[in-house]
Every structure is written in C-alpha cells, then in structure tokens.
Amino acid sequence: MHQYNEQIVFTSTLYVIATPIGNLGDITHRALGVLNHVDLIAAEDTRHTGLLLKHFNIKATRLFALHDNNENQKTGVLLEKLKNGQSIALVSDAGTPLISDPGYHLVRSCREEGIRVVPLPGACAAIAALSASGIASDRFCYEGFLPSKAPSRQNALKALIEEKRTLIFYESPHRILDSLQDMASIFGEERYVVLARELTKTWESIYGAPVQQLLNWIKEDKNRHRGEMVLIMEGHRIKSDNSLPHAALETFRLLHSELSIKKSAALTSKIHHVKKNALYRYALDNNWQD
C-alpha cells in the first residue's frame with residue numbers, strides 16, 4: 001500500500017473517482033492523491049483524462065481505455081490486474097462514473113469477485129442541478145437520457161405521468177426541443193421544469209418555467225440549446241381528492257371511442273373504483289360529445 005497526506009491507497013482495490021464536470025477546481029484533494037498513486041487509471045476517453053492529469057502534473061500513472069464499446073471484453077483484464085495486487089482508478093469523462101457513464105459491469109464484477117471497491121465522491125451534474133433547481137429534493141427519480149427515437153421516448157414519458165417524485169433527465173442539444181415538446185404534450189404545458197446547462201462552466205445557466213414556456217424560451221436563442229444539459233421536472237401533483245388517475249382516464253377515453261359518456265363512465269367507475277360524477281365532470285370540462 002502507498003500512503004499520502006494521511007490517506008491510503010490499497011492494493012487490489014478499485015477506486016471509483018468523480019472528476020470535474022467543467023470547473024477543474026471541483027476535483028477533490030483525495031481524488032488527486034489516488035490518481036497519483038494507483039497503478040492504473042481506467043478511463044472512458046484516455047485523451048480527455050490525459051488532459052486532466054497533465055493539468056494537475058500527474059504523469060506517472062498508466063492509462064487504460066474502458067468505454068461502452070469494450071467494457072464487457074476488458075473487464076476480465078482489469079479483474080486479473082486487481083487480483084494480482086494492482087490498484088486501479090475508474091474515471092469517466094466528467095462527473096461520477098456509472099451515472100449515465102461506463103463502469104457498471106466492472107464494478108459489479110469486482111463485487112462478485114470480492115474485490116474491494118472504494119468510491120471517491122465528487123461532482124455529479126444531476127445532483128448539482130437538483131440542488132440549485134428550487135424543486136423538491138427530498139425524493140427524486142433519476143431517469144438519465146431518454147430514448148432517442150420518438151415512440152420509445154414518448155412511451156418512457158407516459159410511464160412517468162403519475163410519478164410524484166422529482167424527475168431528473170440528461171439531454172443533448174440535438175434532442176432537447178423534441179424532448180421538451182413531448183413533455184409538454186404528455187405531462188401538460190404547465191408542468192414546471194428547470195433547465196441547468198453547462199454547469200460549472202463559463203456559460204452556465206439555470207432557468208425554470210412551465211415546460212411550454214421553457215420550450216419557447218429555448219427557441220428564442222440557439223445558444224440556449226447548446227452544451228451539456230440537465231432537466232429537473234417537478235413530480236405529479238394531485239390537485240384535489242376528485243382528481244382522476246391517468247389509467248382511469250385512458251380507460252375512459254378508450255371506452256368513449258365506442259360507447260356513450262354515460263356507459264363509458266359507468267364501466268370506468270367499476271374498473272378503477274373512481275366516482276362516476278368525477279368522470280362526467282371531466283367529460284364536460286373537455287367538451288366531449290356522444
């Protein structure tokens with residue numbers, strides 16, 4: 001083992017190290033110490049990590065490429081090195097490894113093999129955005145990147161309609177407009193969302209508004225849909241005791257495509273144990289016709 005600044009780097013240990021998401025000053029002293037002393041650094045992009053190491057004058061440690069395309073094949077190689085007494089640091093391009101980044105297969109394999117895994121906490125875009133969003137942070141649901149294809153993305157969002165926890169998404173510049181449009185259609189135009197963009201970087205911005213208003217704001221300036229993005233969305237809120245579950249409304253709509261409002265409401269009431277009067281009011285409020 002190696003000792004540095006009252007910290008210890010153990011042999012046969014995998015260190016999962018969070019790295020800055022923009023501002024290099026956010027790296028921890030402990031992370032720098034471990035990166036300086038491990039035998040190997042498994043990096044998502046060796047060129048990107050090489051620049052980080054160069055900035056902090058870390059030169060001695062060897063780099064090993066570990067990314068989405070080779071993780072399954074290279075995990076065995078790293079396990080052998082760990083079993084032979086080497087210490088390894090796992091880093092992604094930015095933030096905490098495994099959070100929408102490679103590393104899960106390696107960490108799981110280490111746990112299964114009884115190899116020690118040590119996390120070094122630090123930067124994480126999702127948590128940084130949540131902390132500054134002003135949206136409830138006591139319970140939240142991290143969804144990462146939505147599917148790129150519209151039907152899959154819309155299905156994923158529909159599954160979250162009644163999720164009461166705060167929702168966290170990552171999004172890319174070329175999909176942000178489509179994703180927000182789907183959110184407005186599925187969650188309603190008034191669902192509140194915060195866009196945290198380019199966190200810790202020069203052009204950092206955090207802007208919150210009802211989703212349709214946010215979409216319009218982004219469209220006003222092409223610079224507003226550039227860079228790394230996190231979306232923080234408030235969870236589903238039950239407006240009153242008479243609010244109808246999404247599943248009941250879906251059934252009501254489906255039945256009404258074939259039946260009268262009265263019959264549709266009666267059947268939906270029996271299936272979902274909701275009040276018929278509430279269904280009638282919903283139909284009237286939305287101008288349904290028999």
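Leu259, Leu267 and Ile271 together form a nonpolar patch on the surface of this predicted model, and their combined accessible area is about 240 Å². One member of the patch, isoleucine 271, belongs to helix α10. That helix spans residues 261-272 and also holds serine 269. The relative accessibility of serine 269 is 16%, and the residue therefore counts as buried, the cut-off for that class being under 20%. Leaving aside residues up to four places away in sequence, serine 269 is in contact with Val274, Lys275, Lys276 and Leu279.

From this helix, attention may turn to strand β4, which comprises residues 40-43. Leu40 and Ala42 lie on one side of β4, Ile41 and Ala43 lie on the other, and all four are buried, so that both faces of the strand are covered. Strand β4 also has two strand partners to consider. With strand β5, residues 62-65, it pairs in the parallel sense over four bridges. Within that pairing, alanine 42 has phenylalanine 64 of β5 as its bridge partner. With strand β6, residues 88-91, strand β4 likewise runs parallel, and four bridges join the two. Here isoleucine 41 stands opposite alanine 89 of β6.

A further parallel pairing is found between strand β8, residues 140-145, and strand β9, residues 166-171, with five bridges between them. One point of reference in this pairing is glycine 144, whose bridge partner in β9 is phenylalanine 169. On its way from β8 to β9 the chain passes through helix α6, residues 150-158, and the resulting β-α-β crossover is right-handed.

Helix α6 contains proline 151. Is proline 151 buried or exposed? Its relative accessibility is 52%, and proline 151 therefore counts as exposed, since that class begins over 50%. In sequence, proline 151 is 31 residues from aspartate 182, while the C-alpha atoms of the two residues are 10.0 Å apart in space.

The last element to examine is helix α8, which covers residues 211-219. Which residues of this helix are buried? They are Val211, Gln212, Leu214, Leu215, Trp217 and Ile218. The buried residues of α8 pack against one helix, α7 (176-187), and against the strands β10 (192-197), β11 (205-210) and β12 (229-233).

Methods. Residues are numbered from 1 along each chain as its sequence is written. This is a predicted model: local features need pLDDT of at least 70, side-chain atom pairs count only at pLDDT 80 or more; totals for chains, interfaces and linings use all residues. Side-chain values use heavy atoms; hydrogens and water are left out. Buried means under 20% relative accessible area, exposed over 50%, partly exposed in between (1.4 Å probe, protein chains only). Two strands pair if DSSP finds at least two bridges between them. Contact means heavy atoms within 4.5 Å. Patches are made of residues with over 30% relative accessible area and no salt bridge: like charges are joined within 9 Å, nonpolar side chains (Val, Leu, Ile, Met, Phe, Trp, Tyr) within 5 Å. Accessible areas come from the Shrake-Rupley method with a 1.4 Å probe; for residues, only the protein chains shown count as cover. A salt bridge is a side-chain nitrogen of Lys or Arg within 4 Å of a carboxyl oxygen of Asp or Glu. A crossover is right-handed if, with the strands pointing away from the viewer, the path from the first strand over the helix to the second runs clockwise.
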